[in-house]
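Subject: Structure for your review

Dear colleague,

Please find below the sequence and structure that I am handing over to you. My findings follow directly after it.

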Amino acid sequence: MLFLRETNEHIATWEGHKYTKEQAQQVSGIKKIMWLNQLEPVFSELVQLAEHIYLNLNEHSRYESDVPYKDLRFAREMRERFPLHDFRRAAPVLHQIRSIKSDIEIDLMRRAIDITDKAFDRVLRFVKPGVTEYEIEAEIVHEYLRHRATRPAYGSIIASGADSLPALYR
């Protein structure tokens with residue numbers, strides 16, 4: 001099942017085109033498509049039939065937060081609503097699935113690498129004394145957009161002069 005946010009002209013004006021049920025079915029191959037406002041009753045019914053509930057939390061070794069983030073709040077809510085269910089970690093399954101790439105994914109990764117290479121080449125030709133860090137970042141973003149990438153995969157960390165050295169080496 002796929003749940004979509006129902007759209008209208010106002011939403012399309014501010015957020016861009018959203019798929020109709022038919023378009024989403026054609027693109028995804030998923031036959032059962034419903035509007036997002038139908039999620040709660042369907043979800044509650046499906047949970048009652050489930051043997052296991054897999055919950056996704058941020059299990060990255062470098063992630064640390066004192067603030068309960070959205071996935072953690074959802075996990076707590078599910079445990080309160082369905083205390084007798086068997087809850088499991090989704091991370092091991094997701095890590096395994098993520099390691100398997102389709103030909104399309106591999107092609108997209110190669111394209112992203114090629115665009116990143118072009119961005120670095122552009123920056124190397126652009127950098128000279130007096131150029132600011134934000135100008136360098138603008139060149140990187142320009143190259144991504146020029147090649148129809150929506151954005152960089154990761155944020156730039158650009159520093160020069162004393163800013164480029166850890167305090168230990170200053």
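The largest pocket of this predicted model is lined by Leu108, Arg111, Ala112, Ile115, Thr116, Tyr144, Ala149, Thr150, Arg151, Pro152, Ala153 and Tyr154. The space within this pocket amounts to about 280 Å³. Helix H6, which spans residues 103–126, supplies the largest share of the lining, with 5 residues. By character, the lining residues divide into 8 nonpolar, 2 polar and 2 charged. As to the principle behind such a search, rolling a probe the size of a water molecule over the atoms shows where empty space is left.

A second point concerns the surface. Met1, Leu46 and Leu49 form a nonpolar patch there, and their accessible area together is about 330 Å². Of these residues, Leu46 belongs to helix H3, which covers residues 39–49. Leu46 has a relative accessible area of 40%, and it is therefore classed as partly exposed, since that class lies between the 20% limit for buried and the 50% limit for exposed.

Helix H3 also contains Pro41. With a relative accessible area of 53%, Pro41 counts as exposed, because the value is over 50%.

Finally, how far apart in space are Pro41 and Arg151, C-alpha to C-alpha? The distance between the two is 36 Å, and they are 110 residues apart in sequence. Arg151 is one of the residues that line the largest pocket, whereas Pro41 is found in helix H3.

Yours sincerely

Terms used: Residues are numbered from 1 along each chain as its sequence is written. This is a predicted model: local features need pLDDT of at least 70, side-chain atom pairs count only at pLDDT 80 or more; totals for chains, interfaces and linings use all residues. Side-chain values use heavy atoms; hydrogens and water are left out. Patches are made of residues with over 30% relative accessible area and no salt bridge: like charges are joined within 9 Å, nonpolar side chains (Val, Leu, Ile, Met, Phe, Trp, Tyr) within 5 Å. Accessible areas come from the Shrake-Rupley method with a 1.4 Å probe; for residues, only the protein chains shown count as cover. A salt bridge is a side-chain nitrogen of Lys or Arg within 4 Å of a carboxyl oxygen of Asp or Glu. Helices (H or I, at least four residues) and strands (E, at least two) are DSSP runs, numbered from the N terminus. Buried means under 20% relative accessible area, exposed over 50%, partly exposed in between (1.4 Å probe, protein chains only). On a 1 Å grid over the protein atoms alone, a cavity is a set of points where a 1.4 Å probe fits but cannot get out, and a pocket is an open set with protein on both sides within 12 Å along at least five of seven lines; lining residues have an atom within 4 Å of a point. Grid points are joined across faces, edges and corners, and a volume is the space filled by probe spheres set on the points. Ala, Val, Leu, Ile, Met, Phe, Trp, Tyr, Cys and Pro count as nonpolar, Asp, Glu, Lys and Arg as charged, and the others, Gly among them, as polar.
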